[in-house]
Amino acid sequence: MKSLAWTTLAVAAIAIMGCNLTGKYTVGGNLTGLRGQGLVIEDNAGNDLSLSSNGAFAFSTGIKNGGAYSVTVRTQPSNPSQTCTVNNGSGTIDKANVTNVVVSCTQAGRFAYVANQLSNNLSAYSIDSATGNLTAVNGSPFAVSGTTPVSLAVDPNGQFLYVVDNGSNDVSVYAIDNTTGALAATGLPLPTGSSPEAVTVDPTDSFLYVANLASNSVSGYSINSSTGLLTELVNSPFAVGTEPSSVKIDPSGSFLYVTEFSVGKVAVFSIDPSTGSLSTVSGSPFGAGTGAVSMAFNTAGAFAYVANETAATISEYSINTSTGALTAVSGSPLSTGSSPESMAVDPAGRYLYAANVTAKNQVAAYSISGSGALTLSGSPVAAGTFPVSIVLDPSGQFAYVANDTSNDISVYAVNAGVLTPASRSPFAAGNQPHSIAID
């Protein structure tokens, strides 16, 4: 009887520890974008871990239940020099291993890619790291597998370019030559819903999502990290309200945000880290303005912004990082006096840049306050005709704008909210460039 009682107590103890015989739990996550050498991260300012390749990682020293963890970058990589940041890096152990720390490494942009929707091709450029000027890559423009390419995304490791084709209702994969920037089609296009408009990849390079405007849905895919090829998720497509026009994932990789164009709302979904499946968060959808067409986050994932093209406003929100819910910042929405189409936030999270279409054809800069509120910074600068897509180089040195009607790319040097045209800007693109992405 004594032996039986002891066994029962032992089993109970193991169950309490979540089958963890040491009573300690590991802290780990996923690393993306590493190209340099010498990256060292640490937990609680003492538990060092050297990382040399992308993928999953875990610290060897465990932490007891209830103990705090805090993951930071101790030594940034070099050769090439990179900046690595941490999301989901701190918290308290709750009877389980931590697996959702995200370490993302970036460097100055090397290549730029543009989707030309009417000429059905992709322009590719190398980037001059000193001036931001663009030079066409040999072989550019590259033919697309589908028709009417409208949206692009480079995976976090910089190996693959994903292209959404609005006319043929599919998404294609292209391998990026690490030396030249040239593109090569990989595999066959996969079907999406009707009239796909936008694409995004999660920070861990595990999942890809496409907004299908006409079928009111989001298609989800898992990514093969070696080949870049996609497999549609079991429960895909996922229903969304009305006319999903853009998709964006917060920096932690926990939540997917979808703008609904005609009704002026933002649908928010939590992302299952194991399967990529989506589930609606409480309170979703959240109000925006009519013509909600694109979205941007600050680097820390504390604030979100929606460009409302028809309403000529920008909606400003604080984000509940635990639930993904949005709360309007005091004074939101901000009247812009023109129609914002696309936005980008600098890596330091101090400024937001908006490409404004309509007759003004300008790019405006806004400073971001500690509460997330926006204030116009200086005078807007001229762009080409109908600027529809803006991105910042990952180092924050340059801004790139695709001008849909003038068929070119405007390039600017960025300095504390001030945009200065590059010496040879603008640069010729194909017919109706609609989206631009930086590797």
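1. Two strands are said to pair if DSSP finds at least two bridges between them. Strands themselves are DSSP runs (E, at least two residues), numbered from the N terminus. In strand 7, Val-71 is the residue that stands opposite Asp-43. Strand 3 (residues 39–43) and strand 7 (residues 68–75) run antiparallel and are joined by 4 bridges.

2. The model under review is predicted: local features need pLDDT of at least 70 and side-chain atom pairs count only at pLDDT 80 or more, whereas totals for chains, interfaces and linings use all residues. Residues are numbered from 1 along each chain as its sequence is written, and side-chain values use heavy atoms, with hydrogens and water left out.

3. Strands 3 and 7 belong to an open sheet of 4 strands, in the order 4-3-7-9, with antiparallel pairing. At its edges lie strand 4 (47–51) and strand 9 (90–92), each of which pairs on one side only. From one strand to the next, the twist averages 25°; the axes behind such angles are lines fitted to C-alpha atoms, and angles run from 0 to 180 degrees between N-to-C directions.

4. Spaces were sought on a 1 Å grid over the protein atoms alone: a cavity is a set of points where a 1.4 Å probe fits but cannot get out, a pocket is an open set with protein on both sides within 12 Å along at least five of seven lines, and lining residues have an atom within 4 Å of a point. Grid points are joined across faces, edges and corners, and a volume is the space filled by probe spheres set on the points.

5. The second largest pocket holds about 380 Å³ of space. It is lined by 21 residues, of which Thr-99, Asn-100, Thr-204, Gly-253 and Pro-273 are the closest to its centre. Strand 2 (27–32), strand 5 (55–58) and strand 10 (98–106) each give two or more residues to this lining, and strand 10 gives the most, with 5 residues.

6. Which classes of residue line this pocket? The lining of the second largest pocket has 11 polar, 8 nonpolar and 2 charged residues. Here Ala, Val, Leu, Ile, Met, Phe, Trp, Tyr, Cys and Pro count as nonpolar, Asp, Glu, Lys and Arg as charged, and the others, Gly among them, as polar.

7. A search of the whole structure finds 1 cavity of 30 Å³ or more. Among the residues lining the largest cavity are Ser-145, Ser-172 and Leu-188. Strand 18 supplies the largest share of this lining, 5 residues. The lining of the largest cavity has 4 nonpolar, 4 polar and no charged residues.
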